[in-house]
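Reader: I am new to protein models and would like to learn how to read one. Could you take me through the features in turn?

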Amino acid sequence: MIADIVLLFHFCIVLFITLGFFLIPIGYKLGWEWVKDRKLRMLHLVMILFVAIEAVLGITCPLTSIEQNLRGINQSKSFVAYWIEQIVYWDLPTQFFLFLYCIFLGWTFLVWRLCPPKKTRSANL
């Protein structure tokens, strides 16, 4: 059960990062204010940066390690956990993911430049 919760949390992070790649430039073009929020954009940038650094260094995602440790080798998965795992974990070569994460990191920096977030106002003292 706890492994399923970790997997669901991991899925939400993957969804946040992935949707950000599309919704930020689309929302910027359509005038959606929430895509200009600097804290949200920084969170998105830091998350994809973390993923790309993990890939470059060959480090397994901590959430993947936690889930695998909690699940154990012989422990069965629930129906929902099975399908979320099919979405989150792809059986492709490591080099594919390294390339993909670096491309998406570059895309995130490009979107930051082309669709900048709002600048935060400094507090008047």
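Author: Start with a cysteine. Cys102 is partly exposed, at a relative accessible area of 36%. Cys115, by contrast, is buried, at 10%. Keep in mind throughout that this is a predicted model.

Reader: How many disulfides does a search of the whole structure find?

Author: The general idea is that a disulfide is a covalent bond between the sulfur atoms of two cysteines. In this structure the search finds 0 disulfides.

Reader: What pattern does the chain follow along the sequence?

Author: Read from start to end, the pattern is α-α-α-α-α. That is 5 helices and 0 strands. A further thing to read is how far apart in sequence the contacting residues lie. Among contacts with a separation of 6 or more, 77% are between residues 24 or more positions apart.

Reader: What share of the residues is buried?

Author: Buried residues are 33% of the 125 in the chain. For the outside, the chain exposes about 9100 Å², and carbon and sulfur atoms supply 70% of that area.

Reader: How do I read a nonpolar core, and which of its residues touch the most other members?

Author: Look for buried nonpolar residues whose side chains are joined by contacts. The largest nonpolar core here has 13 residues, and those touching the most other members are Ile13, Ile17, Ile48, Leu63 and Leu105. The elements that give two or more residues to this core are α1 (2–30), α2 and α5. Helix α2 gives the most, with 5 residues.

Reader: Take Ile48 as a case. Which residues does Ile48 touch, not counting those up to four places away in sequence?

Author: Ile48 touches Ile17, Phe21, Tyr101, Phe104, Leu105 and Thr108 on that count. Two of these names, Ile17 and Leu105, also appeared in the list of core residues with the most contacts to other members.

Reader: Is His44 buried or exposed?

Author: The cut-off for buried is under 20% relative accessible area. His44 has 3%, so His44 is buried. His44 is found in helix α2. Leaving aside neighbours within four places in sequence, His44 is in contact with Phe16, Ile17, Gly20, Phe21, Ile24 and Thr108.

Reader: And Thr64: where is Thr64 found?

Author: Thr64 is found in helix α3, which covers residues 62–71. Its relative accessibility is 9%, so Thr64 counts as buried. With residues up to four places away left out, Thr64 touches His10 and Tyr89.

Reader: Now the surface. Which residues form the nonpolar patch?

Author: A patch is read from the outside, as nonpolar side chains that are accessible and lie together. Here the patch on the surface is formed by Leu49, Ile53, Val56, Leu57, Ile59, Leu98 and Phe109, and together they have about 610 Å² of accessible area. Helices α2 (38–57) and α5 (94–114) each supply at least two of the patch residues.

Reader: Which helix gives the most to the patch?

Author: Helix α2 does, with 4 residues. Recall that α2 also gives the most to the core described above. Val56 is a patch residue to look at, and Val56 is found in helix α2. Exposed means over 50%, and Val56 has a relative accessible area of 53%, so Val56 is exposed.

Reader: How many salt bridges does the search find?

Author: The general idea is that side chains of opposite charge can pair when their charged atoms come close. The search of the whole structure finds 2 salt bridges. In one of them, the side chains of Lys36 and Glu33 meet at 3.8 Å, N to O. Lys36 is buried, at 18% relative accessible area, and Glu33 is partly exposed, at 42%.

Reader: With which residue does Lys118 form a salt bridge?

Author: Lys118 pairs with Glu33, and the closest N and O atoms are 2.5 Å apart. This pair links distant parts of the chain: Lys118 lies in the segment after α5, Glu33 lies in the loop between α1 and α2, and the two are 85 residues apart. Lys118 is partly exposed, with a relative accessible area of 47%. Through shared partners, the salt bridges join Glu33, Lys36 and Lys118 into one network.

Terms used: Residues numbered from 1 in each chain as written. Predicted model: local features only at pLDDT ≥ 70, side-chain atom pairs only at ≥ 80, totals over all residues. Heavy atoms only, no water. Patch = residues over 30% accessible without salt bridge, like charges linked within 9 Å, V, L, I, M, F, W, Y side chains within 5 Å. Areas by Shrake-Rupley, 256 points an atom, 1.4 Å probe, with all protein chains shown as cover. Salt bridge = Lys/Arg side-chain N within 4 Å of Asp/Glu carboxyl O. Buried < 20%, exposed > 50% of the residue type's maximum accessible area, 1.4 Å probe, protein only. Disulfide = S-S within 2.5 Å. Contact = heavy atoms within 4.5 Å. Core = buried A, V, L, I, M, F, W, Y, C linked by side-chain atoms within 4.5 Å.
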